[in-house]
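Work through the following exercises with the sequence and the structure side by side, and try each task before reading its solution.

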Amino acid sequence: MSFLAIKGLSARLRDTSFPILRDVFLSVEAGEVHGLVGESGAGKSMIGKALLGILPTSIEITHGTIELDGVDLLRLPPAERRRRIGATAALIPQDPLTALNPSRRIGPQITDRLVDILGWARSTAEARARELLDEVHIPDPVRVMRSYPHELSGGMRQRILIASAFAAEPKLIVADEPTTALDVTVQKQILKLIAEMQARHGTALLFVTHDLGVVSKVCQSLSVLYGGMVVERTTVRDFFREPAHSYSRALLAATPKYTDPLASLTPVPETVIAAVQAEVAAHDRSQRNG
Amino acid sequence: MQLFRAFLLRLFTTAITLSGVAVIVFFVIRVVPGNPIAMMLPPGATEADVARLTARYGFDKSIPEQFLIWLQGVVQGDFGTSITSNQPVLGLVLGRLPATLELSIMALVIAVFIGGFIALTGTRNRGTSVEAAIDVGNGMALSVPDFLWGLVLILLFGVLWPVFHISGRVTPSLDLPFTTNFYLFESVLRLRFDLWADIVSHMFMPALALAIPLAAIIGQLLKQSLKETMHLDYVTLARTKGYGENHVILREALPNAILPTLTLVGVQFTFLIGGTVIIERLFSYEGLGNMAIDAVINRDLPLIQGIVILFAAIFTAVNLIVDLSYAFLNPRLRHG
């Protein structure tokens, strides 16, 4: 049985009923790295947010289940759900510059979950934090733990957030475009670090990105989203060899080639967009009639 | 070292501010109509009596000359003699200062508690009818000035349902064992809670009247910056760790949202102290403000000068405290 199983998840804007997620099915095995790809607004981040319980208040889940380790999160009472998510899942956020609290020292920001939610002793939690900062190659962890975020660089902060995500040995980590906000030179290191940490800890990883290059490097499987709908779920090997869906093919063709950076970019053809939009519309009709 | 230089600079600017205030108040109260000597003499005094008294208080000299004489005294700690009571101004003013300080600080504490509670409740219930009700209440509290709140409170809790004293600082018949004029503070130190209760019962309504507009400002601003902070990434990240709404508001959002409010509270607190003038009059509270009004009515020029200088000194002190606490609360300023 899959560690994460999302079944028929639909969400919409509270005010206008505009659909954000359309009947999403998604499963991630223990230790698997699964990519969520799509254009901006395709709903890829929303899946991660829904499962971590941090959807904006303007969005409501209308149906579906999110099973984490066999328990449907949406059926739990709020306090219980929060604790369960905090104990079994974690987030590597997009922008390291805004994801650390500027008025709190680094150390407590790593150890707080261990102490407050999981009930560890403070000294054990601090030892664990030092160990993890060491794992993400941060020199002098003791000093860093006493620092405030503004005293550290963006790359350092992202390493800290990665360490913090792995601190409670979660079974699943959502990485929400973890390299987008970083400098290109730092991106590669951070990507390598996430892959390294994932391999060492055997954590399942839900990797949200719009960068197919990143997917080919770190993921084993992926889901392609369009308009809040999963249009294709496949393994990375099959996806890059022969994508099944026309939209996937177009998306792949639109990716700039590192081997030939000067080649002109190929946008996703309008016919393909029209076809996938028709698919979304057909899905909506069947929802209404069913 | 850097801190010491900042401190010296601060002292220097404070001195300039206070001198400026001294010059302005000295000249203005001499230019406006009203003769202090005429106020003192009984009807039927002769021209010679007037001239004698005028010379005695130095009002026969030119205004710049009077200013220099006064300034000479001030640097030696002599703020002159009150015309109406014939006592040294410094002693009179310092004797009243504790009453006004206690009232202002009590008002500030009440305002912070009410305002903080409003802001936290509003943030906790953002987007609901509770928040809408808070906004309406805030608007009302803000649009009514403090002295009107004073009248409303007197009517409600002094007349219709008399639970608080409406006049004075302490019941006159009580025997006070105090050595300082910090009655509220000293009653606690001496464990005289009977006196303490009587003093609080006198102070509560004037303090609340002063506090209501400030509480509304604090509530409004803090709620706004809390709501903005609640959308930030580190707050979201804390939620994924398993923390609930209360914890997230108090530990993640509040310390960061409080900074802009703190600056504003400093500025508004000086307005609140200014408000004590009318409020003390309204509640016959024996503080500086009440004394200031008497001094103006009697054209007691030395006393007016002393009170205004003291108010100015309090204002600069409040601003200094705000700046220091700002540096203490914001780690980014502490190091830079």
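**Exercise 1.** Find which residue of chain B meets the side chain of Asp112(A) in a salt bridge, and then place this pair within the contact of the two chains.

*Solution.* In this predicted model, the partner of Asp112(A) is Lys241(B), and the N to O distance is 3.2 Å. Because a salt bridge requires such a nitrogen and a carboxyl oxygen within 4 Å, the pair at 3.2 Å qualifies. The next step is to look at the whole interface of chain A and chain B, where the rule finds 4 salt bridges, while the count of residue pairs in polar contact is 12. On the side of chain A that touches chain B, helix 3 gives the most, with 5 residues.

**Exercise 2.** Determine how many residues each chain brings to the contact, and how much area is buried between them.

*Solution.* Chain A brings 26 residues and chain B brings 19 residues. The area buried between the chains is about 2,000 Å², of which carbon and sulfur atoms give 56%. Within chain A, the residues that lose the most area to chain B are Arg82(A), Pro102(A) and His150(A), together 22% of what that side buries.

**Exercise 3.** Explain why strand 7 of chain A is largely enclosed by the rest of the structure.

*Solution.* Begin with the two faces: Leu172(A), Val174(A) and Asp176(A) are buried on one side, and Ile173(A) and Ala175(A) are buried on the other. Since 5 of the 5 residues are therefore buried, strand 7 of chain A is largely enclosed. Turning to its neighbours, strand 7 of chain A pairs in the parallel sense with strand 6 over 4 bridges and with strand 8 over 5 bridges.

Definitions and conventions:
Residues are numbered from 1 along each chain as its sequence is written. Chains are lettered from A and ligands numbered from 1 in the order in which they are written. This is a predicted model: local features need pLDDT of at least 70, side-chain atom pairs count only at pLDDT 80 or more; totals for chains, interfaces and linings use all residues. Side-chain values use heavy atoms; hydrogens and water are left out. Buried means under 20% relative accessible area, exposed over 50%, partly exposed in between (1.4 Å probe, protein chains only). Two strands pair if DSSP finds at least two bridges between them. Contact means heavy atoms within 4.5 Å. Buried area is the accessible area (1.4 Å probe) that two parts lose on being put together, summed over both. A polar contact is a pair of N or O atoms within 3.5 Å; within protein, one must be able to donate a hydrogen and the other to accept it, and residues adjacent in sequence count only if both atoms are side-chain atoms.
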